[in-house]
Amino acid sequence: MAAPRAGRQPQNDGYRSLPLSGHVGFDSLPDQLVNKSIKQGFCFNILCIGETGTGKSTLIDSLFNTSFDDPVSTHFQPNVRLRAQTYELHESNVRLKLTIVNTVGFGDQINKEDSYQPIVDYIDAQFEAYLQEELKVKRSLFSYHDTRIHACLYFISPTGHSLKTLDLLTMKSLDSKVNIIPIISKADSILKTELQKFKNKLMSELVSNDVQIYQFPTDDETVSQVNTVMNGHLPFAVVGSTEEVKIGNKMVKARQYPWGIVQVENENHCDFVKLREMLICTNMEDLREQTHARHYERYRRCRLEEMGFRDIGPENKPVSLQEAYEAKRHEFYLELQRKEEEMRQHFVQRVKEKETVLKEAEQEIQSKFDRLMLMHQEEKLKLEKKKKALEDDMAMFNKKKANAELLQAQAFVSTPVVSLKRDKDRKKLLRGELDKIGCKITPSAEYDLMHISVSEHIDVSSLSTKK
Ligand SMILES: Nc1nc2c(ncn2[C@@H]2O[C@H](COP(=O)(O)OP(=O)(O)O)[C@@H](O)[C@H]2O)c(=O)[nH]1
Ligand SMILES: [Mg+2]
């Protein structure tokens, strides 16, 4: 077997490294990549979080040397709203699609609890939109407008004290989703001696609350030194201004006060230049990469796991997409059956309960009906008795009436006769006789009695026998 030729060394990982005897041309690949990227353009998205009036719009204008005409917002917003605006900027032959997202109304509400939730939701919504594009069968990631947030500038008010609870809560809830770069805004309002103490205090508070902020990468040797130094300056204390002042024979961005001038780009005055260098010149690509490789990747993993996708199965065996889909489908089917059974049981239980209630109501109505029937029958009996008594009374009355009429008629009969000389005696006799048989004299009978003539006779013996 021929010995390996010089330069042809076998490699441990299965392939060999070969020397080239002449120019091939693939050393132009980096240039091809650069040309392609320049043609395609770049995209960078910044989220500015800070209370209204902390200098967000002014700083962004200062950073990109332009006026974005961000409308001034009031302090009377009912809730936090995120306003995204996209611009296209050109520098040399490089195109940058820049999106600035502003947190309108942040920290302005009395109840600050929900100030950060809309921000979390916004960041997640951008990740979700990208994931949905990725999951499409026919996707167009090349022309897709990526709105995922690459850098979050967190504006801290220059109080000289400590972080507000809202700042800590907000940063804590965002640190696993976005690259947070904390900055002390309006740094011209804090003393130089106080500033370093304030920076140290803020950093120790972030560490003690386990808030992860973005660290400039130190693994790339071309930038590791500058990045290491810059990490030590965090959080940057910045001043912003859109005004220009003539210093010497140069116009510079500055803030002019009665007692002096604060130059935005003077490193003795503030950290504005450091921020611009780190954010735009040195680490813009790393911020984009971190967003995709760390934050989006975490979001994607969680979402896919939520959907039931796994890379490895229970016995540490790799699981294909098809298997994961089938397993999830089966899981859903079982879940559906369980829910169906649960609903059925619930329905049966409800029907039973309803039946019991209806039966009870029916029984109650039945017993009420029985009670009423009984009462009705008792009442009927009572009325029948009363009717019977009245009929008896009527019969008795009619009988007595007939007797009285008979008595009256017989009073005109003259055998055997007792002649009465006087009317008074005759009437007295008649009344006595009527009393004996239990008859009362009616007003009409009384009248008749009054008009019986003296010569008339009454058959007293027949009256007594009729009693
Ligand atoms: N002292 C000081 N004032 C600033 C600074 N940056 C902005 N301002 C002023 O603060 C006010 C609010 O600024 P603005 O950028 O509209 O704040 P935003 O509501 O956070 O966007 C304006 O009057 C600015 O001139 C700064 O660095 N120092
Ligand atoms: Mg503003």
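Let's start at Tyr130, where Arg148 lies over the face of the ring, at 3.6 Å from its centre. Keep in mind that this is a predicted model, so every distance here is a computed one.

Tyr130 has aromatic company too. Ring pairs link it with Phe127, Tyr144, Tyr296 and Tyr299 into a cluster. If you look through the whole structure for such pairings, you'll find 10 aromatic pairs. One of them is Phe127 with Tyr296, a tilted pair with 5.9 Å centre to centre and 50° between the planes. What does this pair tie together? Phe127 sits in helix H3 (residues 117-135) and Tyr296 in helix H8 (residues 284-307), so the two rings join parts of the chain that are 169 residues apart in sequence. Both Phe127 and Tyr296 are buried.

Now move over to Phe216 and Phe236. Here the rings are stacked, at 6.0 Å centre to centre and with 20° between the planes; the angle falls under the 30 degrees that counts as stacked. Phe216 belongs to the loop between helix H5 (192-208) and helix H6 (224-231), while Phe236 is in strand E6 (residues 236-237), so this pair ties together parts that are 20 residues apart in sequence. Are these two rings buried or exposed? Phe216 has 2% relative accessibility and therefore counts as buried, and Phe236 is buried as well, with a relative accessible area of 0%. The cut-off for buried is under 20%.

Back to charges over rings: Lys328 gives you another example. Its charged end sits over the ring of Phe332, 5.2 Å from the ring centre.

For a look at the outside, head to the segment before helix H1 (29-40), which is where you'll find Val24. At 55% relative accessibility, Val24 counts as exposed, because the threshold for that label is over 50%. Val24 also has nonpolar neighbours: together with Leu20, Phe26 and Leu29 it forms a patch on the surface, with about 430 Å² of accessible area between the four of them.

Finally, step back and take in the whole chain. It has 12 helices and 9 strands, and buried residues make up 33% of its 467 residues. Among contacts with a separation of 6 or more, 67% come from residues 24 or more positions apart. As for the accessible surface, the total comes to about 31,700 Å², and carbon and sulfur atoms account for 55% of that.

Notes: Residues numbered from 1 in each chain as written. Chains lettered and ligands numbered in written order. Predicted model: local features only at pLDDT ≥ 70, side-chain atom pairs only at ≥ 80, totals over all residues. Heavy atoms only, no water. Phe/Tyr/Trp six-rings, centres within 6.5 Å; stacked < 30°, edge-to-face > 60°. Helix = DSSP H or I, 4+ residues; strand = E, 2+ residues; numbered from the N terminus. Buried < 20%, exposed > 50% of the residue type's maximum accessible area, 1.4 Å probe, protein only. Lys NZ or Arg CZ within 6 Å of the ring centre and 35° of its normal. Patch = residues over 30% accessible without salt bridge, like charges linked within 9 Å, V, L, I, M, F, W, Y side chains within 5 Å. Areas by Shrake-Rupley, 256 points an atom, 1.4 Å probe, with all protein chains shown as cover. Salt bridge = Lys/Arg side-chain N within 4 Å of Asp/Glu carboxyl O. Contact = heavy atoms within 4.5 Å.
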